[in-house]
Amino acid sequence: MTPHRLPPKADTLMDPVDRLAGVGSRVAAQLARLSIHLIGDLLWHLPLRYENRGQIQSLSPYLIGQSALIHVTIHDARPLRRGKARQVAQGYDDMGEITLWQFGRFGPTLQPGQQYLLYGEIRAGAHGGLEMAQPEIMQSAQHEAILAVYPGTDGLNQSKLRALVDQALTIALQDMDDLLPSTVRRREGWPGLLAALQRIHVPTLSEGIPQRSDPAFVRLIVEELLAHLLALRLRHHELTQECAHKLPSGGSLYQRLLHNLSFEPTRAQARVLQEIHADLDRTAPMLRLVQGDVGSGKTLVAAGAALTAIEQGYQAALMAPTALLAEQHHRNFSQWLTPLGVSVHLLSGQQSAADRRANLAALADGRAQMVIGTHALFQEQVQFDRLALVIVDEQHRFGVHQRLALSDKGTRRDGASIRPHQLVMTATPIPRTLAMSAYADLDISIIDELPPGRSPITTALIRADRRDDLIARISAVCDSGRQAYWVCPLVEDSERIEAQAAESTATALREALPHLRIGLVHGRMSSTDKNREMAQFKAHEYDLLVATTVIEVGVDVPNASLMIIENADRMGLAQLHQLRGRVGRGATASFCILLFDEPVSDKARTRLALMRETQDGFRLAEADLEQRGPGEILGTRQTGLARLRVADLILDEHWLELARNLADELIAENHPHKDALIRRWIGAAQQYGQV
Ligand code: ADP
Ligand code: MG
């Protein structure tokens, strides 16, 4: 590291980066594009790769295609105006010759008669010669180093970035604490923070290029994961310090519900409900995530939880991501709970003003015991009388802030606010360690069993131009008393075109299948119309439902046994799995037909093949994770974990458990570095949960 003269003001890592020497507003803007705002951010801007500049290479055709350090004498240099080239020079060493191109308006040119140490990629030039474009001119002192190559941006060259990182390291020398507890560092044999950063940014030739498994890397990875998990675990810890209504179970409402139903809960449903009941029976708010594959019966578990609250004289709210799903839940819950004397209400954005007013009044005075709604539920004018339980269905569709806003609807007693218990449900099965991290602020229950009597779904892939073959198939299925879905293609950014496609598909199918009753649902219809069509399909007044992907989540019509998905090659695994989950809910054999258009990309081909091969949500989720990365899968919820700087949730998965345990240790002993760790890695402004 070379010492730098710093402007006097730049003395802490929390200073804006423009306090550094050589950073004006232009460079600051370039750095901002790399998410580098503070001086300290430079430290976490880690190299993409390294260049070994420790060895001078002799010019030879063997070097073509490689980056190399060469030592040449210039014997000819001409200015050029042709194209963008400014100068072309000829250089030579003992073994050969090379043509050197300089581009752009700025930077040093090569002078005839001088010797230079140059670094750059060697390419094949004209007439079998060698050439190098835009060689980097090296100082002789630097030729011993392994150089870091950073993720860059236009106009900001590597030597500039290196010089800036170097300045940040110099400041870090005076202004950086090692926040990892030293006991942990010693136990794991990790270097101190500064030593680790030096090793990564400016490796020495004797130590060699650092790999990801190098203790220097590992300690940064673990520290970053620790900071994120700390933030989540702290939130969990803080919320569980708050008060909630203690809701003992053991009443008879749920038993009476089971008695009225035609089925027994599965062992997995019973176990998860027990875990929920144990949580509810405490004065600390429950924070539980129920993960269960499509069709595993999460709704019954939700009903069991709601009845416990209602039985104790409180209200329960269920929030669904779409009006369609809210409506379906409302119908379902009304059917289940009204016979038990429980009043079930619906709150959705599309209700008439009068209906809405009536529902709001019933919520506020406590007549409404159970309410189901979309995000309309957590708007300000919604007042509850005695809300004790909040259930969020398909939670990956919501941001954390929406869930938290609803949990603010608790009651106040003696001036203290009382939090509702929170139950969130998701059908996105992600691997356990990842779930334990991404949802570290929640306790997790898994419904790992499907209700019995489900026959597997046979999945077939069919080229779209053979869709006529399908007509006979739809006819056969519907004539035997079953129902079918036809899902129309997704049209990006245009609900209008999507709706038109759905309408013309419905028209064509009505012509081809005149004896069938065919319904239509798309995103451009009013919610009243959508709900009416859905209700008619559920009541078997339609044989076939033509729909856009609005039916993706939650829709439950057990008599449907055929699902046809157009343009399946353009959909992701999670979405295909969700859509396919709309069939196979009854005892008859079900079919899912995936239509695709040639040519199909390799990735799409892999997805379709996997869909045909398995129905296992976890396997599909893992493949999805590999294809799209955790950021996409976890969605808006975990912007923090999805935007890691050093760690990678997949590459570093095996460190997650250690980091989570460390987080809990630090919280248990109220370690003084907790907040500083979170500030260092997540920042003060970007508080967790404020998505
Ligand atoms: P999801 O987990 O996808 O939300 P649902 O709660 O919609 O699943 O349940 C899917 C279907 O299975 C529903 O028709 C539901 O009534 C039914 N079901 C739920 N639990 C059982 C069970 N234990 N035995 C039989 N059928 C069940
Ligand atoms: Mg559901």
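A residue is called buried here when its relative accessible area is under 20%, exposed when that area is over 50%, and partly exposed in between. The structure under discussion is a predicted model, and the burial terms just given will recur as its parts are taken in turn. His540 is a convenient place to apply them, because its relative accessibility of 26% makes this residue partly exposed.

His540 also deserves attention for its backbone. The residue sits in the loop between α15 (527–538) and β22 (544–547), and its phi is near 60 degrees, a positive value in a residue other than glycine. Most residues other than glycine have a negative phi, and most peptide bonds are trans. A second case is Asn670, which is not a glycine either and yet has a positive phi of about 45 degrees. Asn670 belongs to the loop between α20 (656–668) and α21, and, with a relative accessibility of 55%, this asparagine counts as exposed. The peptide bond from Glu598 to Pro599 is cis, with omega near -5 degrees, and Pro599 itself is placed in the loop between β24 (590–596) and α17 (602–613).

With these local details in view, the overall frame can be described. The protein has 691 residues, of which 54% count as buried, and its secondary structure comprises 21 helices and 24 strands. Along the principal axes, the C-alpha trace spans about 95 × 65 × 45 Å.

Leu161 offers a view of the buried part of this frame. This leucine is found in helix α2, which runs over residues 158–174, and its relative accessible area of 0% means that Leu161 is buried. Leu161 and Leu42 are 119 residues apart along the chain, while their C-alpha atoms are separated by 8.6 Å.

Charged side chains provide another way through the model. Side chains of opposite charge can pair when their charged atoms come close. Taking a side-chain nitrogen of Lys or Arg within 4 Å of a carboxyl oxygen of Asp or Glu as the criterion, the count comes to 33 salt bridges. Among them is the pair formed by Glu223 and Arg680, whose closest N and O atoms are 3.0 Å apart. Because Glu223 lies in helix α5 (residues 215–240) and Arg680 in helix α21 (residues 674–682), this pair ties together parts that are 457 residues apart in sequence. Glu223 is buried, with a relative accessible area of 0%, and Arg680, at 15% relative accessibility, counts as buried as well.

The salt bridge between the side chains of Asp15 and Arg19 has an N to O distance of 3.5 Å. Here Asp15 counts as buried at 11% relative accessibility, whereas Arg19, at 29%, counts as partly exposed. Glu598, already met at the cis peptide bond to Pro599, forms a salt bridge with Arg605 in which the closest N and O atoms are 3.9 Å apart. Glu598 is partly exposed, with a relative accessible area of 48%, and Arg605 is likewise partly exposed, with a value of 44%. Salt bridges may also be joined to one another, as in the network that links Arg271, Glu275, Asp279, Arg282, Arg288 and Asp448.

Other charged residues appear in a surface patch. Asp616, Glu622, Glu626 and Glu653 gather there in a patch of negative charge. One of these residues, Glu626, has its place in helix α18 (residues 617–634), and its relative accessible area of 66% makes Glu626 exposed.

The cysteines complete this account. Because a disulfide requires a pair of cysteine sulfur atoms within 2.5 Å, the sulfur positions decide the matter, and the count comes to 0 disulfides. Cys592 is accordingly in no disulfide, and the nearest cysteine sulfur, that of Cys488, is 14 Å away. As for their surroundings, Cys592 is buried, with a relative accessible area of 0%, whereas Cys243 counts as partly exposed at 46% relative accessibility.

Notes:
Residues are numbered from 1 along each chain as its sequence is written. Chains are lettered from A and ligands numbered from 1 in the order in which they are written. This is a predicted model: local features need pLDDT of at least 70, side-chain atom pairs count only at pLDDT 80 or more; totals for chains, interfaces and linings use all residues. Side-chain values use heavy atoms; hydrogens and water are left out. Buried means under 20% relative accessible area, exposed over 50%, partly exposed in between (1.4 Å probe, protein chains only). Patches are made of residues with over 30% relative accessible area and no salt bridge: like charges are joined within 9 Å, nonpolar side chains (Val, Leu, Ile, Met, Phe, Trp, Tyr) within 5 Å. Accessible areas come from the Shrake-Rupley method with a 1.4 Å probe; for residues, only the protein chains shown count as cover. Lys and Arg count as positive and Asp and Glu as negative; His and the chain ends are not counted. The place of a charge is taken as NZ of Lys, CZ of Arg, CG of Asp or CD of Glu. Helices (H or I, at least four residues) and strands (E, at least two) are DSSP runs, numbered from the N terminus.
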